[in-house]
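User: Please examine the structure shown below and answer several questions on its charged pairs and its nonpolar core.

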Amino acid sequence: MDHWLRIGRMCRVALAVVAISASAVGAAEQENAIVKEEFLVQGRDQGVKLFVREKRLSNLPKITKENVVLFVHGLPGPGSVIFDLALPGYSWLEYVAERGFDAFTVDIRGFGRSTRPPEMKESPEQNLPLVRADQVMRDIDVAVDYIRSKRKVDKVNIIGHSIGASWSALYATMHPEKVNKLVMYGAIYGKNSTFVSTFGDPTNTDRPHFEMGAYRYLSRKAMLEQWDGWIKAELQDDWRDREVIDAWISTLLNSDPTAKQRTPESIQVPNGPYIDWHEIHAGRSLFDPARIKAPTMIVRGSAEELISNEAAEELLQKLTSAPSKRRLDIGDSTHYAILEKNRLLLYRGVQNFLEE
């Protein structure tokens, strides 16, 4: 009888230990969980509110200018989609958050869940292209100041993609006191006659085509055409996952409350950034690289067409005021390396730069 009592007590103790262990593991997992918060921040301009998303570890012990980062999107945006795709392994925001960073992204006005200019409710031909660099500077500054106030830091790291990288560089020249480190990933920089023709006035391509209207619609087909064109047909499945393409486009379409009002579904995109794009590739850069005073990294995919290899090298050499500078090249990747199979080379390379 004593024998069976002893066995019973041992079993109860074992069960208790298992329960305590499971509880401890659960508590540890909860402590290391990623917290997501979302905010609507009042913009500099009346009636403008900006959508900001934050991700960080729930037990992040210390927040300093070294581990606070803001991601700035380009086209077709928004930041809450391109940097935080809800697919395992495809959220750059979560990648940096898991490594002890407080990560933010902002949707520039006219994109995602930020305020859409009232002109976007009118016919596109009624107004000039919406959302130019001067308005973007105010939006980025709002996001940066919100983060600085919330986290009690004087500077933040900024990672920009596409025209967002060019905007971020311009911002760094205007507010060097607020930028800790700058990452320009897939920046639009240097002369490029192809895009000058694409966005230029048909009668004089050196002049921006202001008559393109306030905004445009991008369907699934339009969003994929350029990306497909950057990858040889026989390599597309080697460089990308079909599941990711579908998830990205579906999330983009869901980010626009008007998308389902059209057939085929399409997102409404302000045309102002395309004017900025034209001006850069026509040789009128938005910013002077020599005025950037933050440590800077330039990132380029091997099949990148918006900044050539030569233009990337020129940009690197012109960063004469940056205390440190470097270049990261991602093999077998395009302007959308962030959504491709080699994205971890991008994530890791930038992470190493931020942690130095």
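User: Is Arg99 buried or exposed, or does it count as partly exposed?
Analyst: In this predicted model, Arg99 has a relative accessible area of 38%. Buried requires under 20% and exposed requires over 50%. Because 38% lies in between, the class of Arg99 is partly exposed.

User: Which side chain meets that of Arg99 in a salt bridge?
Analyst: Side chains of opposite charge can pair when their charged atoms come close. For Arg99, the N to O distance in the salt bridge is 3.4 Å. The other residue has a relative accessible area of 46% and is partly exposed. The side chain that meets Arg99 is that of Glu98.

User: How many residues apart are Asp145 and Arg148?
Analyst: The side chains of Asp145 and Arg148 form a salt bridge at 2.8 Å, N to O. Asp145 is partly exposed at 22% relative accessibility, and Arg148 is also partly exposed at 22%. Both residues belong to helix H4. Their separation is about one turn of the helix, that is, 3 residues.

User: Which helices are linked by the salt bridge of Arg220 and Asp246?
Analyst: The two side chains meet at 2.8 Å, N to O. The pair links distant parts of the chain, 26 residues apart. Arg220 lies in the helix of residues 220-229 and Asp246 in the helix of residues 242-254. The helices are therefore H7 and H9.

User: What relative accessible area does Asp246 have?
Analyst: Its salt-bridge partner, Arg220, counts as partly exposed at 38% relative accessibility. Asp246 is likewise partly exposed. The value for Asp246 is 36%.

User: How many salt bridges does the structure hold?
Analyst: Some salt bridges are linked in a network, which involves Lys36, Glu38, Arg53, Lys55, Asp84, Glu94 and Arg113. Other pairs include Asp145 with Arg148. For the structure, the number of salt bridges is 36.

User: Which helix gives the most residues to the largest nonpolar core?
Analyst: The largest nonpolar core has 109 residues, and those with the most contacts inside it are Trp92, Ile140, Trp248 and Val350. The helix that gives the most to this core spans residues 133-151 and supplies 8 residues. That helix is H4.

User: Which residues are in contact with Trp92, leaving aside its neighbours within four places in sequence?
Analyst: Trp92 is among the residues with the most contacts inside the largest nonpolar core. Another of these residues, Val350, is itself in contact with Trp92. With those neighbours left aside, the contacts of Trp92 are Phe71, Phe83, Ile159, Tyr185, Ile338, Leu346, Tyr347 and Val350.

Conventions: Residues numbered from 1 in each chain as written. Predicted model: local features only at pLDDT ≥ 70, side-chain atom pairs only at ≥ 80, totals over all residues. Heavy atoms only, no water. Core = buried A, V, L, I, M, F, W, Y, C linked by side-chain atoms within 4.5 Å. Buried < 20%, exposed > 50% of the residue type's maximum accessible area, 1.4 Å probe, protein only. Helix = DSSP H or I, 4+ residues; strand = E, 2+ residues; numbered from the N terminus. Contact = heavy atoms within 4.5 Å. Salt bridge = Lys/Arg side-chain N within 4 Å of Asp/Glu carboxyl O.
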